[in-house]
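Please look through the sequence and the structure shown here, and keep both at hand while reading the report. Each section takes up one kind of feature.

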Amino acid sequence: TMPELLNKNYRDQLVTWIGKPCHFRLLYKISRDGCSPTSFHQQCDGQGATVTVLYNTNNTIYGGYLSQSWNSNGGYIEDSDAFLFRLQYNKSSDPLKFPVNDKSKAGYGSSVYGPTFGDGHDIYTFSGTITRSGNEFPLNGSVSKIGKSYNLNGQTVDTVTNNSLNVTDLEIYRIVDREDEEKPWREHFEWTTKTMQELKETLQVYEPRMEANVPAANILLIGQIGAGKSSFFNSVDSIFRGRVTNKACSGSSERSITTMYRRYELKDSSTKKVLNFRLCDTCGFQEGSALDAQEFSFIVCGNLPDCYRFNPLVPFESDTPGYIKNPDLKDKIHCVAFVIDGSTVDVMPDKVLKHMKDLQARMNHRGLPQVVLLTKIDKICPEVADDLTKTYTGTAVCDAVNKAAEIMGLPSAQILPVKNYVSEPNLKIALDILIMKALKRCIDCADDFMDEQLLRIAAEEEKSDTENQIKKFD
């Protein structure tokens, strides 16, 4: 899902001008939904109060607010609360509000026009379909009449719009009253220290079922380079060490920073005990190179030894030194977590997606449970970046979760939004809660897989006993 462009400071400024506590919900974005009157009216008509924001190629941000709904009636929209605004001029934040002075012609609703403000018109964005040219949309409307129905307070078309209708994007946000804020799209715990401690204690005392004879649940992290696999391990490690750590190499290099297969044990600093789950890390894949499918099968089946260093020229084989010939349940992977960058889930390269689907087919064949850790949710939505407790009300995060569920063919409950520790110097409660909720989901899936394997082993033993009995009678 494409990130929302309207930053926290500009939202706060608009809230002040609107004059009541409210939230912004992205309705329409031309880079996502297409730049046409049809698309605009489908997304925005009848939605109540909206803010229209233009981001032009001269690094200027301007637009308009209507407290009344957009429509396609072919007439003017009356609105005494409407205003135009400038938020940024030539890269510099410089907010100005321009109130309506002809309330009978605050907006214009036409089925063949994009968003249009004022008489004749102050801001007329576009008509017809506008095709992207390189990184911009050359809108075919006009801003030359700005100041006709709105009071510019001495400003001019140049100082408000920087004389450009060429935009990199245009967004329309629905204004949602705080009291009417939508219900969370997913039920969640309270964001409290108590919740964080309860989750942490659940993970501290976790043990796999005794019958499984497995000392620790093995969770494999796989995904595109730079999506945050190693950072997820570091984040989990940080929570149980009580301080931000960086044990696994992580970063944003063009090539995978992880070059070997690692089964990381985690230690709890308060009890000095090793925890009963392991995070298994392997090299990230990128366009042009991928995790070898056979090596992946060796990993999930438990044949690959810890600390094996990958060599793209010499893949791991069954006669490679260190090969584990008869792996037990304790050697196998019990849950696989795809790590996907939430801010680029819409534009994942086809080759990477195909490779993930190929690996998924191998997992499905073995009945291996899968989840998705959807990282970098702070990059999707400015409100979530500012306050992680908005994760389950942020519609941009919800959209990204649904998109990931769609492309991976998994239920949305298996898509777990998280934010890793990257630049934070200290632990944060909301961040810890998101990480531990995701980890607990992985462990629950691992337990389900072990239960299934125990049932299968019992069924095979029973079948074998029955066959032996039959042979005796024969």
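The report below deals with aromatic rings, one histidine, a hairpin, salt bridges and a helix, and the model it describes is predicted.

## Aromatic rings

The count of aromatic pairs in this model comes to 16. In one of these pairs, Phe 24 and Tyr 173 meet edge-to-face, with 6.1 Å from centre to centre and 85° between the planes. The two rings come from distant parts of the chain, since Phe 24 belongs to strand β1 (residues 22–29) and Tyr 173 to strand β11 (residues 166–177), 149 residues apart. Phe 24 and Tyr 173 are both buried. A further pair, formed by Tyr 108 and Tyr 113, is tilted, with 5.8 Å between the centres and 55° between the planes. Tyr 108 counts as buried because its relative accessibility is 18%, and the cut-off for buried is under 20%.

Aromatic residues can also be found in a group, as Trp 17, Tyr 65, Phe 83 and Phe 85 form one aromatic cluster. One member of that cluster, Phe 83, has the charged end of Lys 97 over its ring, 4.9 Å from the centre. Another lysine, Lys 105, lies over the face of Tyr 76, at 5.4 Å from the ring centre.

## The surroundings of His 41

His 41 is placed in helix α3 (residues 37–44), and it counts as buried because its relative accessibility is 8%. Its side chain is joined to the side chain of Asp 45 by a polar contact of 2.7 Å.

Which residues does His 41 touch, if those up to four places away in sequence are not counted? They are Asn 71, Ser 72, Ser 110, Ser 111 and Tyr 113. The last of these, Tyr 113, is also the ring that pairs with Tyr 108.

## A hairpin of two strands

Strand β13 (residues 262–268) and strand β14 (residues 273–281) run antiparallel, and six bridges join them. To follow one of the links in the structure, start at Tyr 264, whose bridge partner in β14 is Leu 279. The two strands form a hairpin with four residues between them, and in the turn Lys 272 has a positive phi of about 60°.

## Salt bridges across the chain

The structure holds 23 salt bridges. In one of them the side chains of Lys 8 and Asp 386 meet, at 3.7 Å from N to O. Lys 8 lies in helix α1 (residues 8–18) and Asp 386 in helix α9 (residues 382–386), so this pair ties together parts of the chain that are 378 residues apart in sequence. Both ends are partly exposed, as the relative accessible area is 28% for Lys 8 and 48% for Asp 386. In another salt bridge the side chains of Asp 451 and Arg 209 meet, at 2.7 Å from N to O. Here too distant parts of the chain are linked, with Asp 451 in helix α11 (residues 429–473) and Arg 209 in the loop between α5 (193–204) and β12 (217–223), 242 residues apart. Asp 451 counts as partly exposed at 26% relative accessibility, and Arg 209 is partly exposed as well, with a relative accessible area of 40%.

A further salt bridge joins Lys 376 to Asp 341, with the closest N and O atoms 3.6 Å apart. Lys 376 lies in the loop between β16 (370–375) and α9, while Asp 341 is in strand β15 (residues 335–341), so the pair ties together parts that are 35 residues apart in sequence. Are the two partners buried or partly exposed? Lys 376 is partly exposed, with a relative accessible area of 28%, whereas Asp 341 counts as buried because its relative accessibility is 13%. Salt bridges can also share partners, and in this way Lys 8, Asp 12 and Asp 386 are joined into one network.

## Helix α7 and its cover

Helix α7 spans residues 293–301, and its buried residues include Glu 295, Phe 296, Ser 297, Phe 298, Ile 299 and Val 300. Which elements cover the buried residues of α7? Among them are β12, β15 and α8 (350–366). After α7 comes Gly 302, which has a positive phi, near 90°.

Conventions. Residues numbered from 1 in each chain as written. Predicted model: local features only at pLDDT ≥ 70, side-chain atom pairs only at ≥ 80, totals over all residues. Heavy atoms only, no water. Phe/Tyr/Trp six-rings, centres within 6.5 Å; stacked < 30°, edge-to-face > 60°. Buried < 20%, exposed > 50% of the residue type's maximum accessible area, 1.4 Å probe, protein only. Lys NZ or Arg CZ within 6 Å of the ring centre and 35° of its normal. Polar contact = N/O pair within 3.5 Å; in protein donor to acceptor, adjacent residues only side chain to side chain. Contact = heavy atoms within 4.5 Å. Pairing = 2+ DSSP bridges. Salt bridge = Lys/Arg side-chain N within 4 Å of Asp/Glu carboxyl O.
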